[in-house]
Amino acid sequence: SKTVALRDRAEGMKKIAAVENLEQLHGLIQGCYMCQLASGRTLAVPGEGNPHTELVFVGEGPGYNEDVQGRPFVGRAGELLTQMIEELGLRREDVFITNVIKCRPPGNRDPSPDEIKTCSPFLKRQLELIRPKVVCALGRIAILGLLNDTTPITKLRGIWRQFQGIPLMPTFHPAY
Ligand code: URA
């Protein structure tokens, strides 16, 4: 897909709002320089899966393997997530898998509040375009990015929430 470099945050918000499909949105993510994580990434990781799915999984952000491959959840946590999906009677390619943060933080540190704020319009637009029936939020950073809620995940897990009208279920991150 075409890559348009995004540098200015205000301009970025307009371009994100203007995309008509996931492919265009993912092109913007791949060319995004709106926060400092851009300078440390190998590849941005927009997410992947069925754009017509009813179920979206949201993780934290790319780790080492994801950064190298440009794909979400391809390391050890990804093996576990894939196993969880298959235990639901689904295949990985039936659902959509993405993250709050699209670029790997150096040394796998937690993303900063500013990085989460700058990146989350991408996730919000993905969910607007996919319109799933359910979002499954994997772990603390996913909850922080989607709901801006810092309650411990042990208290939030298993209790339905909403994200922009979509039922959202918090659960543990597979790495945990
Ligand atoms: N952990 C995440 O939260 N996301 C990935 O894409 C990989 C590991």
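**Close-up views of the aromatic pair and the ligand site**

**View 1. Tyrosine 176 is exposed, because its relative accessibility is 74%.** Exposed means over 50% relative accessible area, buried under 20%, and partly exposed in between (1.4 Å probe, protein chains only). Phenylalanine 172 counts as partly exposed, at 22%. This is a predicted model, in which local features need pLDDT of at least 70 and side-chain atom pairs count only at pLDDT 80 or more, while totals for chains, interfaces and linings use all residues. Residues are numbered from 1 along each chain as its sequence is written, and side-chain values use heavy atoms, with hydrogens and water left out.

**View 2. The count comes to 1 aromatic pair.** The ring centres of phenylalanine 172 and tyrosine 176 are 4.9 Å apart and the planes lie at 40 degrees, so the pair is tilted. Rings of Phe, Tyr and Trp (its six-membered ring) pair if their centres lie within 6.5 Å; planes under 30 degrees apart are stacked, over 60 edge-to-face, and the rest tilted.

**View 3. Polar contacts link the ligand to glutamate 60, glycine 61 and histidine 173.** A polar contact with the ligand is a pair of N or O atoms within 3.5 Å. A backbone N or O atom of glutamate 60 lies 2.8 Å from a ligand oxygen atom. A polar backbone atom of glycine 61 is 3.0 Å from a ligand nitrogen atom. For histidine 173, a polar side-chain atom lies 2.7 Å from an oxygen atom of the ligand.

How values were computed: A polar contact is a pair of N or O atoms within 3.5 Å; within protein, one must be able to donate a hydrogen and the other to accept it, and residues adjacent in sequence count only if both atoms are side-chain atoms.
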